[in-house]
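Hi everyone, thanks for making time. I'd like to walk you through a structure that may be new to you, so please have a look at it with me.

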Amino acid sequence: MKHIVLNGADMTTRADAYAQIWRVLDCPEGCGANLDALWDVLTTTCAHLTLQNPAPMLNALGSYGCRMLSVFFKAVEETETFHFSVEA
């Protein structure tokens, strides 16, 4: 299983967050920048994704950042091939 690291300090806008996620997951161009697209990608991904330094992302994105984290954690519950952790 591939281990992927995201840096929350580089995810302070929605566009930056999705750009980093799509880049590290090797998604094709044209992936939507929304929670539904994130769900679709995560539930078909075979990887362990770690979000490091989440505070800047959560501070900048507010409730949207919380909803984004929720999608990551829910994807873990739905599939055995995707794992997610957070490192402060």
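Before we start, one term: when I say two residues are in contact, I mean that they have heavy atoms within 4.5 Å. And please keep in mind that what you see is a predicted model.

Let's begin with the overall picture. The protein has four helices and three strands, and along the sequence they come in the pattern β-α-α-β-α-α-β. For 88 residues, a compact globule would be expected to have a radius of gyration near 12 Å, and the protein agrees, because its own value is 12 Å. Its C-alpha atoms fill a box of roughly 30 × 30 × 20 Å along the principal axes. Of the 88 residues, 40% are buried. The accessible surface is about 4,800 Å², and carbon and sulfur atoms account for 51% of that.

How far apart in sequence are the residues that touch? If we take the contacts with a separation of 6 or more, 67% of them are between residues 24 or more positions apart.

Thr45 gives us a local example. You'll find Thr45 in the loop between α2, residues 35-42, and β2, residues 47-52. Is Thr45 buried or exposed? Its relative accessible area is 12%, so Thr45 counts as buried, the cut-off being under 20%. Which residues does Thr45 touch, if we skip the neighbours within four places in sequence? They are Leu25, Thr81 and Phe82.

Now to the aromatic rings. A pair of aromatic rings is described by the distance of the centres and the angle of the planes. The model has four aromatic pairs in total. One of them is Tyr18 with Trp22, a tilted pair at 5.7 Å centre to centre, with 35° between the planes. Why are these two about one helical turn apart? Because Tyr18 and Trp22 are four residues apart in helix α1, which covers residues 14-24. Tyr18 and Trp22 are both buried.

Tyr18 has another partner, Tyr64: the ring centres are 6.5 Å apart and the planes are at 70°, so this pair is edge-to-face. Since Tyr18 belongs to helix α1 and Tyr64 to helix α4, residues 63-78, the pair ties together parts that are 46 residues apart in sequence. Tyr64 is buried, just as Tyr18 is. Put together, the ring pairs link Tyr18, Trp22 and Tyr64 into a cluster. Tyr64 also has a charged visitor: the charged end of Arg14 sits over the Tyr64 ring, 3.6 Å from its centre.

Next stop, helix α3, residues 54-61. Which residues of α3 are buried? Pro54, Met57 and Leu61 are. They cover an arc of only 65° around the axis, so they lie on the same side of α3. That fits a general point: an α-helix has 3.6 residues a turn, so residues three or four places apart point the same way. The buried residues of α3 pack against α1, β2, α4 and β3, the last being residues 82-87. After α3 comes Gly62, with a positive phi near 60°.

One last residue to find on your screens is Asp40, in helix α2. With a relative accessibility of 48%, Asp40 counts as partly exposed. The C-alpha atoms of Asp40 and Ala75 are separated by 9.0 Å, although the two residues are 35 residues apart along the chain.

That's my tour, and I'm happy to take questions.

Conventions: Residues are numbered from 1 along each chain as its sequence is written. This is a predicted model: local features need pLDDT of at least 70, side-chain atom pairs count only at pLDDT 80 or more; totals for chains, interfaces and linings use all residues. Side-chain values use heavy atoms; hydrogens and water are left out. Buried means under 20% relative accessible area, exposed over 50%, partly exposed in between (1.4 Å probe, protein chains only). Rings of Phe, Tyr and Trp (its six-membered ring) pair if their centres lie within 6.5 Å; planes under 30 degrees apart count as stacked, over 60 as edge-to-face and the rest as tilted. A charge sits over a ring if NZ of Lys or CZ of Arg is within 6 Å of the ring centre and within 35 degrees of the ring normal. The arc is that of the directions from the helix axis to the C-beta atoms. The radius of gyration is taken over C-alpha atoms; the globule rule is 2.2 Å times the number of residues to the power 0.38. Accessible areas come from the Shrake-Rupley method with a 1.4 Å probe; for residues, only the protein chains shown count as cover.
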